[in-house]
Amino acid sequence: VPPGLDFAHWLERIAVLMPALGGEESRAAIEAAIVECVAAGTGLVGDVSDTGRSVEPLVRSGLRARVFHQVLAFDPRRAEATFAGARARLLELAAASGPGVRHALAPHAPYSVSARLLRLVRGFNGQEGRPTSIHLAESAAEEEFFSTGGGALAELKQALGTTVDGWEPPGQPPVVYLARLGWFESPGLVVHCTQLSARGIEILRQAPITARLCPRSNRALGGGGAPARALAAAGVPRAL
């Protein structure tokens, strides 16, 4: 993906490129990333995966890892089928992984996963004590979409044909929306967190949640920086 794209246009480009990404190309990138992690002294990897291709290389590497199998379906009518397929894939890969690589389901983001699917994933992960990962408060476009239903993400959904008839914006930040769904009642990760307000930080402070910060990708997409000092002052655990 070329540099210099804003968040919504980057997502649009990814949606085009991902289906065409070959297995050999992605495996080479996975292997290179593992080498980089080992060289940097990384002890634990959390990998958000659309394909499961990282599982076998991670098992061979000896790194301890949690693979988060990503799910996307904004239309609530697709929730059950999407959940069933992701759960089956997870269980199949987990059976062949051994104790060093564990697995969980991970909704992509509040703007790309229905409330119904969010609840299904959270319930499944909670039954087995699996933490859940979700991209949250990543861009101003996400905040606008949840506040008004408009903006760059709404335009992207229209272009990709992923709008849902009758959907109404919650009129609140996505972190508040997730809190009202009970999302923060069990352990998990929230990824990016560049748009958190004081209220959002307070929600995370009271929850068994780790804020996973991504300074390189945020800088590349112009998403701004996460309020790392404020998160630290509030006692919210952080990871990179």
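**Exercise 1. Find which helices the buried residues of H1 pack against, and decide how those buried residues are arranged around the helix.**

Let us start with the partners: the buried residues of H1 pack against H7 and helix H10 (215–221). Contact here means heavy atoms within 4.5 Å, and buried means under 20% relative accessible area, with exposed over 50% and partly exposed in between (1.4 Å probe, protein chains only). Helices (H or I, at least four residues) and strands (E, at least two) are DSSP runs, numbered from the N terminus.

Before going on, note that this is a predicted model, in which local features need pLDDT of at least 70, side-chain atom pairs count only at pLDDT 80 or more, and totals for chains, interfaces and linings use all residues. Residues are numbered from 1 along each chain as its sequence is written, and side-chain values use heavy atoms, with hydrogens and water left out.

Next, list the residues: in helix H1 (residues 7–17), Phe7, Ala8 and Leu11 are the buried ones. Seen down the axis of H1, they fall within an arc of 100 degrees, so they line one face of the helix. The arc is taken from the directions from the helix axis to the C-beta atoms.

**Exercise 2. Work out how H6 and H7 are oriented to each other, and which residues meet.**

First, take the geometry: helix H6 (residues 140–148) packs with helix H7 (residues 152–160) at an angle of about 80 degrees, their axes lying 7 Å apart. Axes are lines fitted to C-alpha atoms, for helices over the stretch in contact, and angles run from 0 to 180 degrees between N-to-C directions.

Then classify: H6 and H7 are therefore roughly perpendicular to each other, the class for angles of 65 to 115 degrees (under 35 is roughly parallel, over 145 roughly antiparallel, the rest oblique).

Finally, look at the residues: from H6, Ala141, Glu142 and Phe145 meet Ala152, Leu153, Ala154 and Lys157 of H7.

**Exercise 3. Trace the three-stranded sheet and place H4 on it.**

Begin with the order: S1-S2-S3, an open sheet with parallel pairing. Two strands pair if DSSP finds at least two bridges between them. Strand S1 (44–49) and strand S3 (101–107) are at the edges with a single partner strand each, so one side of each has no neighbour in the sheet.

Now zoom in: seven bridges join strand S2 (residues 64–71) to S3, and Gln70 stands opposite Ala106 in S3. Helix H4 (residues 79–95) packs on the sheet, touching S1, S2 and S3, and its direction makes about 170 degrees with that of S3.
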